[in-house]
2 protein chains.
Amino acid sequence: MSDAVTVREVGLRDGLQLVKTRLDTHTKLDWIRAQSAAGFSEIEVTSFVPPSILPQFADAAEVMVGALALSDLLPTALVLNLKGARRAIEAGARKITFVLSASEAHNQSNVRRSTDASLAMFRELAKDISTQGQIELAGAIATTFGCSLQGHVSEARVAEIAEAMCAAGATEINLADTVGYAHPRQVVRIFKDISAITGPVPLAAHFHDTRGFGLANVVAAFDTGVLRFDASLGGLGGCPFAPGASGNIATEDTVYLLECLGAKTGVDINALLALRAKLPSWLPSENLGGNLLHAGLAHP
Amino acid sequence: MSDAVTVREVGLRDGLQLVKTRLDTHTKLDWIRAQSAAGFSEIEVTSFVPPSILPQFADAAEVMVGALALSDLLPTALVLNLKGARRAIEAGARKITFVLSASEAHNQSNVRRSTDASLAMFRELAKDISTQGQIELAGAIATTFGCSLQGHVSEARVAEIAEAMCAAGATEINLADTVGYAHPRQVVRIFKDISAITGPVPLAAHFHDTRGFGLANVVAAFDTGVLRFDASLGGLGGCPFAPGASGNIATEDTVYLLECLGAKTGVDINALLALRAKLPSWLPSENLGGNLLHAGLAHP
């Protein structure tokens with residue numbers, strides 16, 4: 001088994017979509033450049049959603065174009081529908097993550113259509129892309145581990161969606177714990193079961209740390225063979241519950257944990273911590289988390 | 001393998017020893033009563049150390065006597081030397097945790113004597129106790145996973161100490177990650193190796209969450225068969241580094257995680273969260289952590 005692991009920064013998307021501070025395009029690109037220079041090969045740089053809904057991403061095309069200029073970086077974009085995907089492709093995106101939710105209630109709330117309707121869009125997008133050359137298409141399944149609106153999410157439904165996405169041509173399946181419900185035993189079970197369905201299509205994991213289980217879930221997923229992890233610098237993404245509670249797992253803690261587990265992330269941890277130390281100057285009114293900046297490395 | 005797990009509250013000792021607020025005896029006993037009523041069978045209620053060094057524990061004997069009045073609780077006390085142990089026994093303690101450090105530098109800094117001198121004290125205490133009837137004696141090995149003063153701690157030294165403690169009559173060996181250096185792979189390796197030495201003497205785990213790995217380490221230790229975990233309500237114990245960084249793993253998150261893993265802690269999680277919600281009124285100027293109070297249970 002390879003020990004090379006990709007930690008994909010999603011702070012510029014999952015993080016920024018939940019914070020009040022509008023970050024200007026110039027600063028976003030400074031962040032992307034610094035994180036790329038710290039050894040990150042993949043960064044979710046933006047989301048192609050209607051600017052009327054999320055003004056934070058009104059500059060999606062500019063950010064994508066700026067990020068594509070960096071030679072060692074694969075910038076990715078999140079999309080929720082065909083229109084967004086087409087804007088991403090127009091901007092030159094070489095990897096797109098299409099998100100739908102396994103929870104019917106969550107998908108309706110998020111994009112006002114059924115999960116099946118989103119899946120039909122995914123199929124159409126996959127067909128479009130197949131005629132466009134080398135664009136990677138990740139299928140992300142939100143609320144894989146449970147949903148705060150609907151409650152239980154059927155694993156069979158997740159499996160069905162993953163299978164359909166692979167059949168349509170997905171180049172990655174990303175299982176997302178959107179609301180922080182996952183626990184390690186569940187992570188092991190679901191990743192094992194779904195990997196039997198996705199076969200050669202790699203799995204990625206997207207964990208939130210809402211209940212403090214995020215890093216334990218990373219270990220669990222890594223132990224089943226997952227080599228792609230989303231994380232957000234400083235745990236940016238804040239908290240839907242209370243100040244101080246955390247959203248995404250923090251990139252710096254995740255990278256350090258994976259290195260401790262023997263994985264090779266390719267990240268220069270000191271350069272990453274230097275970037276993390278800058279984050280409060282860009283987002284002065286946001287609660288930031290993550291432990292490593294304050295605690296420092298063990299065995300320094 | 002049994003699924004019954006003991007989570008031992010150490011907030012009244014490891015937590016309070018690091019905070020500035022002096023908690024009065026009455027409030028400590030209210031806390032102990034509420035936590036016992038929530039299903040905790042074991043609480044480290046105090047530390048028998050010189051009041052001149054830690055005035056927080058000047059009421060150690062009163063707290064122990066008060067806690068011993070609760071019928072379903074085994075109150076434990078931490079001691080660092082024979083004098084403290086004798087005070088604990090005098091107060092009626094039925095379980096004592098004697099701590100020494102595997103790191104020579106840390107032991108010198110903590111108690112101004114060599115680790116071997118502390119070990120000799122442990123042997124003497126074990127001999128004393130063997131003539132006193134039914135007193136349990138846990139041997140806790142601080143800095144088992146590394147030391148911020150000395151750096152690396154030899155696993156062979158930890159093994160040697162654990163073996164000597166068992167030979168002397170320890171009824172439990174507690175491996176403590178005093179400075180939050182442990183990571184899951186190391187936890188698995190060390191607990192497996194040490195359990196081969198301690199044989200029937202049960203192992204306990206004491207993790208800090210300094211780098212956010214605390215709960216991942218709980219999973220790792222549980223997977224090797226550990227059934228005794230220390231934790232501190234609200235992660236009390238604060239942080240030696242910066243506000244917001246955490247010390248001990250939070251009891252409420254630990255209990256919930258272990259229940260998710262299939263363990264039976266015997267704890268009423270809602271009663272525990274009600275107690276956790278009270279903590280800020282007792283310690284208004286302390287930083288408290290833990291995620292579960294704010295996030296709530298998954299799948300509620």
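These exercises work through helix packing and chain pairing in a predicted model.

**Exercise 1. The overall form of chain A**

Find how many helices and strands chain A has, and compare its radius of gyration with that of a compact globule.

Solution.
Step 1. Count the elements. Chain A holds 12 helices and eight strands.
Step 2. Take the extent. The C-alpha trace of chain A spans about 50 × 40 × 40 Å along its principal axes.
Step 3. Compare the radius. For 300 residues, a compact globule would have a radius of gyration near 19 Å. Chain A has 18 Å, which agrees.

**Exercise 2. Helix 6 and helix 7 of chain A**

Decide how helix 6 and helix 7 of chain A are oriented to each other, and name the residues that make the contact.

Solution.
Step 1. Recall what is needed. A pair of packed helices is described by the angle and the distance between their axes.
Step 2. Read both values. The axes of helix 6 (residues 115-130) and helix 7 (residues 155-168) of chain A come within 9 Å and cross at roughly 20 degrees.
Step 3. Apply the cut-off. Angles under 35 degrees count as roughly parallel. Helix 6 and helix 7 of chain A are therefore roughly parallel to each other.
Step 4. Add the hand. Their crossing is right-handed.
Step 5. List the contact. Helix 6 of chain A brings Leu119(A), Phe122(A), Arg123(A) and Ala126(A). Helix 7 of chain A brings Ile161(A), Ala164(A), Met165(A) and Ala168(A).
Step 6. Sort by class. This contact of helix 6 with helix 7 of chain A has seven nonpolar, no polar and one charged residues.

**Exercise 3. Helix 10 and helix 11 of chain A**

Do the same for helix 10 and helix 11 of chain A.

Solution.
Step 1. Read the values. Helix 10 and helix 11 (residues 269-282) of chain A pack at an angle of about 165 degrees, with axes 10 Å apart.
Step 2. Apply the cut-off. Angles over 145 degrees count as roughly antiparallel. Helix 10 and helix 11 of chain A are therefore roughly antiparallel to each other.
Step 3. Add the hand. Helix 10 of chain A passes helix 11 of chain A in a left-handed crossing.
Step 4. List the contact. Glu252(A), Val255(A) and Tyr256(A) of helix 10 meet Ile269(A), Leu272(A), Leu273(A) and Arg276(A) of helix 11.
Step 5. Sort by class. The contact of helix 10 with helix 11 of chain A has five nonpolar, no polar and two charged residues.

**Exercise 4. Where the chains meet**

Describe the side of chain A that touches chain B, and the helix pair that crosses between the chains.

Solution.
Step 1. Count the contacts. 31 residues of chain A are in contact with 31 residues of chain B.
Step 2. Find the sources. Helix 8 (184-198), helix 9, helix 10 (251-260) and helix 12 (292-295) of chain A each supply at least two residues of this side. The largest share, four residues, comes from helix 10 of chain A.
Step 3. Sort by class. This side of chain A divides into 16 nonpolar, 12 polar and three charged residues.
Step 4. Take the helix pair. The axes of helix 9 (residues 214-223) of chain A and helix 9 (residues 214-223) of chain B come within 6 Å and cross at roughly 45 degrees. That makes the two helices oblique to each other.
Step 5. Name the partners. Leu215(A), Ala216(A) and Val219(A) meet Leu215(B), Ala216(B) and Val219(B). This contact between the two helices has six nonpolar, no polar and no charged residues.

**Exercise 5. The symmetry**

State which relation links chain A to chain B.

Solution.
Step 1. Superpose. A rotation of 180 degrees with 0.0 Å of shift along its axis puts chain A on chain B (RMSD 0.0 Å).
Step 2. Name it. That is the relation of a two-fold axis.
Step 3. Check the surface. 100% of the contact residues of chain A recur in chain B.
Step 4. Locate the axis. Of the residues of chain A, Ala216(A) comes closest to the rotation axis, at 2.0 Å (C-alpha).

Definitions and conventions. Residues numbered from 1 in each chain as written. Chains lettered and ligands numbered in written order. Predicted model: local features only at pLDDT ≥ 70, side-chain atom pairs only at ≥ 80, totals over all residues. Axes fitted to C-alpha atoms, helices over the stretch in contact; angles between N-to-C directions. Parallel < 35°, antiparallel > 145°, perpendicular 65-115°, else oblique. Contact = placed C-beta atoms within 7 Å. Nonpolar A, V, L, I, M, F, W, Y, C, P; charged D, E, K, R; others polar. Least-squares fit on C-alpha atoms with pLDDT ≥ 70 in both. Left-handed = near helix turned anticlockwise from the far one by under 90°. Rg over C-alpha atoms; globule rule 2.2 N^0.38 Å.
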